[in-house]
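Below is a note on the model, set out as numbered points. Please read it with the coordinates open.

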Amino acid sequence: MTDVSPEDKVMQEEIFGPILPVISLDSASKAIEFINQREKPLTLYVYSEDKPEQELFMAKTSSGGMAINDCLMQMSVESLPFGGVGSSGMGAYHGKASFDTFTHYKSVLIRDLGMVGEKMGAIRYPPYDYKKLGLMSTLLKNRKLPSLNWLGYLLSFLAGVVSIFMSKLI
């Protein structure tokens, strides 16, 4: 369907094929704003050769799936989960995604209350001072850190040394 306006009846409910309304907007940012003012679509179709623009739609919108420069083919790729979010549905199917949709993964945290574990967790407890609060703030920030793979080896080594030391004390 061409020459569709946001007020048209076809735009008031979730759309399922073979209907595909085409709405033209002046910019990617206006299109993203238009999308984000409505319920999350089952699939978002974006036609653009501009890679940064494609990435903008991927990052700034939420939908069950997305197809760029194609229509409907994403459903035929078994390795791509197909499903919705929000009003358009929950979960996904195709391959492993089908299994994951009907499986509940239980999260379990087990904290070691031993002397070393308790000392490392002591920052969480009062009294608080500016140094402790600053350290907690730094630790809780969600940011990309440089690779610290070597640190795992060092910590494993130190844990081994501490456990040997502790076993000799007992």
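In what order do the elements of the protein run from the N terminus on?

1. Order of elements. The model is a predicted one. Starting at the N terminus, the order is α-β-α-β-β-β-α-α-α-α. In total the secondary structure amounts to six helices and four strands.

2. Burial, surface and contacts. The protein has 170 residues, and 18% of them are buried. The exposed area is about 13800 Å², with 63% of it supplied by carbon and sulfur atoms. Taking contacts between residues at least 6 apart in sequence, 27% join residues that are at least 24 apart.

3. Nonpolar core. Which residues form the largest nonpolar core? There are seven: Ala28, Ala31, Ile32, Ile35, Leu44, Val46 and Phe57. Two elements, α1 (28–36) and β1 (43–46), give two or more residues each to this core. The most comes from α1, which gives four residues.

4. Leu44. This core residue also has contacts further along the chain. With neighbours within four places in sequence set aside, Leu44 is in contact with Ile35, Thr61, Ser63, Gly65, Met66 and Ala67. Of these partners, Ile35 is itself listed in the largest nonpolar core.

5. Thr43. Is Thr43, a residue of strand β1, buried or exposed? Thr43 is buried, because its relative accessible area is 15% and the cut-off for burial is under 20%. Not counting residues up to four places away in sequence, Thr43 touches Gly65, Met66, Ala67, Gln74 and Phe82. Gly65, Met66 and Ala67 also appear among the contacts of Leu44.

6. Phe82. One contact of Thr43 is Phe82, which sits in strand β3 (residues 82–83). Phe82 counts as buried because its relative accessibility is 11%. Its C-alpha atom is 7.1 Å from that of Gly64, and the two residues are 18 apart in sequence.

7. Largest pocket. The volume of the largest pocket is about 1400 Å³. Its lining consists of 40 residues, and those nearest the pocket centre are Leu20, Pro21, Thr43, Leu44 and Tyr45. Thr43 and Leu44, discussed above, are thus named again here. At least two lining residues come from each of α1, β1 and α2 (51–60). How many residues of each class does the lining have? It has 25 nonpolar, nine polar and six charged residues.

8. Asp3. Asp3 belongs to the segment before α1. It counts as exposed because its relative accessibility is 76%, where the cut-off is over 50%. Leaving out neighbours within four places in sequence, the contacts of Asp3 are Asp8 and Val22. Asp3 and Val22 are 19 residues apart along the chain, with their C-alpha atoms separated by 7.1 Å.

9. Positive phi values. Most residues other than glycine have a negative phi. Asp3 has a phi near 55°, a positive value in a residue that is not glycine. Asn69, also not a glycine, has a positive phi of about 60°. Where is Asn69 placed? Asn69 lies in the loop between β2 (65–68) and β3. Asn69 counts as partly exposed because its relative accessibility is 30%. A check of the backbone could begin with these two residues, Asp3 and Asn69.

Notes:
Residues are numbered from 1 along each chain as its sequence is written. This is a predicted model: local features need pLDDT of at least 70, side-chain atom pairs count only at pLDDT 80 or more; totals for chains, interfaces and linings use all residues. Side-chain values use heavy atoms; hydrogens and water are left out. A nonpolar core is a set of buried Ala, Val, Leu, Ile, Met, Phe, Trp, Tyr and Cys residues joined through side-chain atoms within 4.5 Å. Buried means under 20% relative accessible area, exposed over 50%, partly exposed in between (1.4 Å probe, protein chains only). Contact means heavy atoms within 4.5 Å. On a 1 Å grid over the protein atoms alone, a cavity is a set of points where a 1.4 Å probe fits but cannot get out, and a pocket is an open set with protein on both sides within 12 Å along at least five of seven lines; lining residues have an atom within 4 Å of a point. Grid points are joined across faces, edges and corners, and a volume is the space filled by probe spheres set on the points. Ala, Val, Leu, Ile, Met, Phe, Trp, Tyr, Cys and Pro count as nonpolar, Asp, Glu, Lys and Arg as charged, and the others, Gly among them, as polar. Accessible areas come from the Shrake-Rupley method with a 1.4 Å probe; for residues, only the protein chains shown count as cover.
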